[in-house]
Amino acid sequence: MKKALTVTVLAATVLTSCVSKKKYVALEEDYNNTRSNLQQTQVEKERLEEKLNAIEARVADYNSKINSLTEENDQKLEMNELTAMSTANKRKMRETLKNVDPEKLAGAETLEDSINLAVAHNLESQISSGSSEDIDITVDKTVVMINVSDKLLFRSGSHRVSRDAYPLLEKLAEVIKSEPAMEVMIEGHTDSQTMVENSYIQDNWELSVRRATAIVRVLQDRFNVEPDKLIAAGRSSYKPVAGNETKEDRALNRRTRIVILPNLDKFLALLDSEQSAAQPINASNN
């Protein structure tokens, strides 16, 4: 009996020892896994901190460049040439130039360049209808040139003005009517593709002129622009801005160019964004 009891106690001791060892091994494994995960987390943290530091350095460098360009541009605005402008026009130009892309403004070497940038920026904010990638505004001295992609104005191969273009043309009409001394030339441009055989339009000359005339009629009849301020012209395919070998280049060449010809006083008046602020447009009422 005593022998049997001894064997039972020994067996229980051995079993208890085995269970404790398994627990120890499991705990040790958990510990190693936790330490490994901690090390990986620490490495990831250091990698993210390096990336963050690099981003912050780039942001600081970018802000430094902006500040440098701003200081340079402020100095440009202090040129003696500014004394030839009225105080009101100086103020308007400074306010407008604050919103111009600093890198664009950095390229303005003269007062004329700065005025051109200010006028172009102001007109773009007044005329663009959420499709600025299809509208390009440039200024050369006191001549404002607005290039509008044909996809905003016409259906393919047609000279009928799309109703989707009415909001844009209404804003343009408001700008034209705001300054009585303005004259506006509408130029139609096409790609080099020939007309479909037996088409009712003879060639690209006719299509470009018809499109220019269609825009003029909308400005006059629908938006009440005085007809003596309007000029219709067609340039066919002979003034391309790109090649005609690819679909994308041909799309660039199909455009309408709107040329605004104000005198100098009226040109400077285009700096005033408040006088030409566009009202909400409801094309369905037109």
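What span should the 17 residues of α4 have at 1.5 Å a residue, and how far apart are its end C-alpha atoms? Select α4 (111–127). The expected span is 24 Å and the end C-alpha atoms are 24 Å apart, so the two agree. Expected span here means 1.5 Å times one less than the number of residues. Helices (H or I, at least four residues) and strands (E, at least two) are DSSP runs, numbered from the N terminus.

This is a predicted model, in which local features need pLDDT of at least 70 and side-chain atom pairs count only at pLDDT 80 or more, while totals for chains, interfaces and linings use all residues. Residues are numbered from 1 along each chain as its sequence is written, and side-chain values use heavy atoms, with hydrogens and water left out.

**Stop 1: the buried side of α4**

Stay on α4. Its buried residues include L111, I115, V119, L123 and I127. Buried means under 20% relative accessible area, exposed over 50%, partly exposed in between (1.4 Å probe, protein chains only).

**Stop 2: the core**

Now select V144, I146, V161, L169, L172 and L219. Within the 46 residues of the largest nonpolar core, these touch the most other members. Such a core is a set of buried Ala, Val, Leu, Ile, Met, Phe, Trp, Tyr and Cys residues joined through side-chain atoms within 4.5 Å. Elements giving it two or more residues include α4, β1 (135–140), β2 (143–149), α5 (166–178) and β5 (255–261). In soluble globular proteins, nonpolar side chains tend to be buried together.

Zoom in on V144. Contact means heavy atoms within 4.5 Å. Not counting residues up to four places away in sequence, V144 touches V119, L123, I137, T138, V139, I258, V259, I260, F267 and L270.

Move to V259, in strand β5. V259 counts as buried because its relative accessibility is 4%. Beyond four places in sequence, V259 touches V143, V144, M145, E183, V184 and M185. Measure across to T138: the pair lies 121 residues apart in sequence, yet 9.8 Å apart C-alpha to C-alpha.

**Stop 3: α6**

Select α6 (204–222). Its 19 residues reach 26 Å from first C-alpha to last, close to the 27 Å expected. Among its buried residues are L207, R211, I215 and L219. The buried residues of α6 pack against α5, β3 and β4 (230–234).

**Stop 4: the cavity**

How many cavities of 30 Å³ or more does a search of the whole structure find? One. On a 1 Å grid over the protein atoms alone, a cavity is a set of points where a 1.4 Å probe fits but cannot get out; a pocket is an open set with protein on both sides within 12 Å along at least five of seven lines; lining residues have an atom within 4 Å of a point. Grid points are joined across faces, edges and corners, and a volume is the space filled by probe spheres set on the points.

The largest cavity holds about 30 Å³. Show I127, I146, V148, L168, L169, L172 and I258, which line it. α5 gives the largest share, three residues.

**Stop 5: the pockets**

The largest pocket holds about 600 Å³. Of its 30 lining residues, D150, A251, L252, R254 and R255 are closest to the centre. The lining has 10 nonpolar, nine polar and 11 charged residues. Ala, Val, Leu, Ile, Met, Phe, Trp, Tyr, Cys and Pro count as nonpolar, Asp, Glu, Lys and Arg as charged, and the others, Gly among them, as polar.

End at the second largest pocket, about 270 Å³. Select K104, L117, A120, H121 and I137, the closest to its centre. α4 supplies the largest share of this lining, six residues.
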